[in-house]
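Hi,

Here is the structure I promised to pass on. Have a look through it first, and then read my notes below.

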Amino acid sequence: MKIAKIPNQVITAALQPLKLEKIKVIALHHWAASLANMTSVQAIKEVERWHIQKGWRAIGYNYIVMFDGTVYEGRGLNLGAGVANRNDTVISVGFQGDFERFPNGSNSTKRMLDTQFNAGVALLQWLQQKVPTAKNIVGHRDLQANSCPGRFFPLDEFKTLRPRGSNDNKKEDFIMPEDLVRKYQFVDSNIPHGLENELREAIDLGIVSYGDQGFAPMLSERDVRTIVWCVRAAKAKIPK
Ligand SMILES: [Zn+2]
């Protein structure tokens, strides 16, 4: 996880370290502005200028995720200014873009760019490792009455913490036949990402079975990885 420093960051008064054990949530914000006509450095400096003009001691967000995938440290793990009155329990991440007006933050095509989305997922994963109490990922609007981070912001997708990639695309294209839905119903978000296909094959081969409550016996992530390894090894030996 590469986190960049804001060049010549403006800090007008000492930042106060967060008490990490008090942190409850990571709140996602959008800028409500795209600044797409600027470089990343120009854009982050512009937002910093807005926040300093409000009388804040530094840019308000703890971390910032840009269209081009750059992740900046704002206040880092110091008290932020993203959510009034509760910043001692919140880490605020500010995403470049206006996701209330635009599906991808700066115009009407598609959705948040993969580059920005995947950088955001990597940051959230890194943050949850550093701050284990920050279990919940929420939108700013879940904490205060406003529209942030915007109606087009992929908040639910962020909550899955799954980066977009070729596996995801394949999954979207693949329509599961009705009778297989039940058969594979426990190959779900609890399964380590990228191992789902092999686990389905393991079910087909009868290596694992399942009951109404899930796989029997319950499989740990290590079990799943071992099964996947066996399936791959078995396939490698089967002549085509
Ligand atoms: Zn916000």
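Let me begin just after one of the helices: α1 is followed by G55, whose phi is positive, near 95°. Before you go further, please keep in mind that this is a predicted model.

**The helix before that glycine**

Since we are already at α1, let's stay there. At 1.5 Å a residue, its 14 residues should span 20 Å, and the end C-alpha atoms of α1 are indeed 20 Å apart, so the two agree. Which residues of α1 are buried? They include A43, I44, V47 and E48. These four cover an arc of only 135° around the axis, which puts them on the same side of α1. The face turned away from that side carries Q42, R49 and Q53, which are exposed. As for what covers the buried residues of α1, β3 and β4 are among the elements that do so.

**The overall picture**

The chain has 240 residues, and 30% of them are buried. Its secondary structure comes to seven helices and eight strands. Of the contacts between residues at least 6 apart in sequence, 70% join residues at least 24 apart.

On confidence, the average pLDDT of the chain is 86, and 84% of the residues score at least 70. The stretch to treat with care is residues 166-178, where pLDDT stays under 50. For that stretch the model has four contacts beyond four places in sequence.

**The sheet**

Six of the strands make an open sheet with mixed pairing, in the order β1-β4-β3-β5-β2-β6. β1 and β6 stand at the edges with a single partner strand each, so one side of each has no neighbour in the sheet.

The edge strand β6 is worth a look. It runs parallel to β2, and four bridges join the two. I26 has I137 as its bridge partner in β6, and L28 stands opposite G139 of that strand. How do the side chains of β6 alternate? I137 and G139 point to one face and are buried, whereas N136 and V138 point to the other and are not. As a general matter, side chains in a regular strand alternate between the two faces of the sheet.

**Two cores**

The largest nonpolar core has 30 residues, and the ones that touch the most other members are I26, L28, I64, V65, I91 and V93. Two or more residues of this core come from each of β2, α1, β3, β5 and α2. The largest share is that of β5, which gives four residues. If you want one residue to click on, try I64: beyond four places in sequence, I64 touches I44, Y72, G74 and G94.

There is also a second, separate core of eight residues, and L195, L199, V224 and V228 are among them. L199 belongs to helix α6, where E198, L199 and A202 are buried. Seen down the axis of α6, the buried residues fall within an arc of 100°, so they line one face of the helix. Like α1, this helix is followed by a glycine with a positive phi: here the residue is G206, and the angle is near 80°.

**Loops and odd backbone angles**

Most residues other than glycine have a negative phi, and most peptide bonds are trans. Against that background, three places caught my eye.

- L35, in the loop between β2 and α1, has a positive phi of about 50° without being a glycine. L35 counts as buried because 21 other C-beta atoms lie within 10 Å.
- N85, in the loop between β4 and β5, is not a glycine either and has a positive phi of about 75°. N85 counts as exposed because it has 9 C-beta neighbours inside 10 Å.
- C148 and P149 are joined by a cis peptide bond, with omega about 10°. P149 lies in the loop between β6 and α3.

The loop between β4 and β5 also holds T89. Is T89 buried, exposed or partly exposed? It has 17 C-beta neighbours inside 10 Å and therefore counts as partly exposed. Leaving out neighbours within four places in sequence, T89 is in contact with K22, I23, K24 and V25. T89 and T133 are 44 residues apart along the chain, and their C-alpha atoms are separated by 9.8 Å.

Best wishes

Notes. Residues are numbered from 1 along each chain as its sequence is written. A residue is buried if 20 or more other C-beta atoms lie within 10 Å of its own, exposed if 12 or fewer, and partly exposed in between; C-beta atoms are placed from the backbone. Two strands pair if DSSP finds at least two bridges between them. A nonpolar core is a set of buried Ala, Val, Leu, Ile, Met, Phe, Trp, Tyr and Cys residues joined through C-beta atoms within 7 Å. Two residues are in contact if their C-beta atoms, placed from the backbone, lie within 7 Å. The expected span of a helix is 1.5 Å times one less than its number of residues. The arc is that of the directions from the helix axis to the C-beta atoms. pLDDT is the predictor's confidence in each residue, from 0 to 100.
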